[in-house]
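Here is a short walk through one protein model, written for someone who would rather be at the bench. Have the structure open and follow along.

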Amino acid sequence: MDPAGAWDSASPWVSLWTNRFYVYVGLACGISLWICFQMVVGRRDKSSQEKSVPKASRDLGTDGSIPLQRKEVSVSGVKIFYGSQTGTAKGFAASLAEAVTSLDLPVAVVDLKDYDPDDHLVEEVTSKNVCAFVVATYTDGRPPESAEWFCKWLEEAASDFRFGKTYLKGMRYAVFGLGNSAYASHFNKVGKNVDKWLWTLGAHRVVARGEGDCDVANSKHGSIEADFGAWKTKFLARLHTLEKGEKKPCDGSCRRGQCESSAEEEPFESTSEDESGAEDRPNPNPVVDVEDLGRIVSCAKREKREKEQQEKSGLLRSSGKNGPGERRAMITPALREALTRQGYQLIGSHSGVKLCRWTKSMLRGRGGCYKHTFYGIESHRCMETTPSLACANKCVFCWRCSVIAPVVLMRISFMTGDAERLFMCLLAIWMSSSEKHHTNPVGTEWRWKMDQPEVILKEAIENHQSMIKQFKGVPGVKEERFEEGMMVKHCALSLVGEPIMYPEINRFLTLLHECKISSFLVTNAQFPVEIRNLKPVTQLYVSVDASTKDSLKKIDRPLFKDFWQRFLDSLKALAAKQQRTVYRLTLVKAWNVDELQAYAELVSLGNPDFIEVKGVTYCGESSASSLTMANVPWHEEVVHFVQDLVDLIPDYEIACEHEHSNCLLIAHKRFKVGSEWWTWIDYDRFLELVREYEHSGGSATFGAQDYMARTPRWAVFGARERGFDPKDTRYQRKNKSKDISGC
């Protein structure tokens with residue numbers, strides 16, 4: 001065979017063998033393409049078969065039975081966390097828990113002070129719970145004491161890169177904050193921060209943040225209770241949607257296939273008001289399951305009952321904005337209920353009157369209040385009222401809301417064996433501890449509806465007389481005292497609130513004096529302009545609850561940012577008044593009893609005629625403040641403080657004492673004529689002088705010493721009977737053997 005021909009016939013195979021690598025690659029690619037083709041065809045055939053088979057047939061088991069369908073749980077329960085200082089947030093949390101229970105969902109209410117977020121918060125990522133946070137904002141935008149650690153931990157976690165932006169991814173939450181818009185710079189700061197921090201850590205908000213406002217003038221729904229009710233309705237509706245596993249309808253703005261099964265994520269700054277437009281959209285799924293009808297009807301009935309109760313009070317507010325020029329009433333339904341329960345007779349939309357405990361005492365022929373001892377007021381003829389329930393402070397205590405000093409009375413009761421007084425003291429402590437403190441509105445200016453002063457005075461006198469009439473025929477009430485009590489002679493504008501805020505306060509004072517009623521007005525030293533513009537009053541008080549900026553902020557919790565300058569300006573304005581002026585010092589052990597030198601400097605600034613020093617009255621336990629019985633000074637401690645203070649102010653001396661009220665009076669020496677004190681008031685002379693002032697158009701001025709009267713010896717500090725009124729019939733009975741004719 002020719003070798004050349006043999007090589008030519010073998011060359012294709014040699015070439016194939018030489019390039020065998022490329023052959024293998026081609027075969028591998030072909031096989032891969034074939035496998036992929038078969039997989040696609042098989043999947044398509046399977047899909048078409050499933051569509052052709054009825055659902056019931058697919059659900060049949062191998063034995064011909066239909067297995068139970070496994071339903072995915074969307075919401076396993078609700079956890080409600082609250083941080084409360086005054087108890088309002090706690091009450092809202094309980095109300096929300098009751099509403100959630102009606103949806104047949106497990107619910108747990110958790111106090112944040114008992115919750116450790118470091119150990120348990122991450123558990124909510126997989127628990128399928130919905131977490132609701134009801135948190136209040138306290139002084140200076142700080143959280144309540146019970147929520148301090150939770151907020152601190154959450155803030156640090158949100159700014160710590162080690163936690164990351166997905167630490168709480170999967171957790172669902174909602175936030176309702178409680179605040180007061182009068183503190184504009186800190187309004188609902190805690191609620192906003194909790195919402196922001198949770199959102200930053202990747203948690204998912206199911207409903208926009210709600211913001212409750214204690215300031216009824218700015219509240220979007222008329223009161224903080226109504227604000228919470230509106231947010232609660234939205235939360236329950238969203239919860240019901242989540243429970244059913246329903247999705248929000250896609251608006252086409254999301255990426256295909258990326259719609260969330262729950263609420264669309266929003267920026268953390270949003271509030272419940274941002275969703276108001278969403279409520280008007282029609283429900284995309286109008287079909288309601290039969291088993292849900294009972295729950296829906298029960299919720300509707302409950303809401304209807306709440307609305308009817310508000311309508312009965314006559315103060316139901318529209319959830320929308322007020323019309324042009326329309327102002328809200330200061331007294332909300334909740335405030336009306338609270339004050340009525342405490343014995344107030346409310347007048348119009350912002351005033352009130354209440355019967356003092358000392359009025360009742362003097363009707364029975366017993367002793368009078370400290371004003372009787374210091375200034376000669378007839379306590380049974382004194383009307384305690386206010387034309388403004390609002391105030392510019394939120395003091396940790398409010399001496400004007402108190403009627404007795406339980407500590408002192410208990411001490412005296414034990415010493416004298418007076419079981420009746422001891423019982424009444426204990427009853428007063430129990431009643432005061434059951435009341436909710438700090439329910440009154442606050443504000444830095446008048447923003448409410450205003451009633452006319454003629455109407456306020458007329459109804460105040462009528463309500464006062466009506467309360468006096470209830471004592472007719474009561475055992476122990478003196479007939480002559482009862483008849484005198486029906487004729488009001490004095491008016492203490494010191495019940496609650498800030499009377500000087502009332503725009504028509506000067507007209508109101510003029511009406512009082514025209515009715516031959518003396519005026520004792522108390523202000524919290526935050527309105528210096530109003531003090532300067534105030535017409536003559538019988539006696540003008542300024543509450544000096546502290547002597548330094550820090551302690552005043554701690555005790556009074558003022559709304560004004562420039563509260564200290566306003567305080568100082570008010571004292572300067574007081575110094576320019578020509579009628580009787582008084583500093584009112586309330587001593588709180590461990591808070592302000594060590595500021596003697598600072599108090600002395602304030603005395604030189606305002607140059608008051610008198611200084612009343614009183615131990616704080618314990619009004620029962622209140623979550624609004626941390627005061628306890630340990631903060632109440634004994635009378636001996638008050639006396640010691642006064643003696644030390646007098647040593648620093650040489651123009652003053654101790655004049656009078658009223659041990660029942662744990663109170664002493666320091667008077668300027670110009671009220672000491674010879675060796676006798678003249679701290680009492682000639683009320684008839686004052687009314688004559690003020691009439692001359694009005695008739696002269698303000699040119700006939702007069703001073704404090706023009707209507708002073710001699711102080712009886714029994715009222716003077718250091719007297720043998722230490723301020724016990726000899727007109728007290730019980731005192732006379734117990735001291736028949738003692739000679740008190742010279743008192």
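Two strands count as paired if DSSP finds at least two bridges between them. Keep that in mind for the sheet below, and keep in mind too that this is a predicted model.

**The whole chain**

The protein chain has 743 residues, and 50% of them count as buried. Its secondary structure adds up to 24 helices and 20 strands. Looking at contacts with a separation of 6 or more, 77% come from residues 24 or more positions apart.

**The ten-stranded sheet**

Start with the open sheet, where 10 strands line up as β7-β8-β9-β10-β11-β12-β13-β14-β16-β15, with mixed pairing. Which strands stand at the edges? They are β7 (345-347) and β15 (652-658); each has a single partner strand, so one side of each has no neighbour in the sheet. On average, neighbouring strands here are turned by 25° against each other, ignoring direction.

Two of the strand pairs are worth setting side by side:

| Strand pair | Bridges | Direction | Residues opposite each other |
|---|---|---|---|
| β10 (490-493) and β11 (518-523) | four | parallel | L493 and L521 |
| β15 (652-658) and β16 (663-668) | six | antiparallel | E657 and L664 |

Edge strand or not, is β15 enclosed or left open? Six of its seven residues are buried, so β15 is largely enclosed by the rest of the structure. The hairpin that β15 makes with β16 has four residues between the strands, and one of them, N662, takes a positive phi near 55°.

**Across β10 and β11: helix α17**

Back at the parallel pair, helix α17 (residues 505-514) lies across β10 and β11 and runs at about 150° to β11. One residue to click on in α17 is L511. Is L511 buried or exposed? Its relative accessible area is 9%, and the cut-off for buried is under 20%, so L511 counts as buried. Leaving aside residues up to four places away in sequence, L511 touches P453, E454 and L457. Take P453: it sits 58 residues from L511 in sequence, yet the two C-alpha atoms are 8.0 Å apart in space.

**Helix α6 and its buried side**

Now jump to α6 (residues 148-158). Its buried residues are F150, C151, W153, L154, A157 and A158. Why do they end up on the same side of α6? They cover an arc of only 165° around the axis, which puts them together on that side. What do these buried residues pack against? Their partners are α5 (117-120), β3 (129-136) and α7 (189-200).

**Two helices crossing: α20 and α21**

Two packed helices are described by the angle between their axes and the distance between the axes. For α20 (residues 563-575) and α21 (residues 596-606), the axes come within 7 Å and cross at roughly 50°. The two helices are therefore oblique to each other.

Which residues make the contact? From α20 come F567, L568, L571, K572, L574 and A575, and they meet L602, L605 and G606 in α21. Sorted by class, the contact has seven nonpolar residues, one polar and one charged. Glycine is counted as polar here, and lysine as charged.

Key: Residues numbered from 1 in each chain as written. Predicted model: local features only at pLDDT ≥ 70, side-chain atom pairs only at ≥ 80, totals over all residues. Heavy atoms only, no water. Axes fitted to C-alpha atoms, helices over the stretch in contact; angles between N-to-C directions. Parallel < 35°, antiparallel > 145°, perpendicular 65-115°, else oblique. Contact = heavy atoms within 4.5 Å. Buried < 20%, exposed > 50% of the residue type's maximum accessible area, 1.4 Å probe, protein only. Arc of directions from axis to C-beta.
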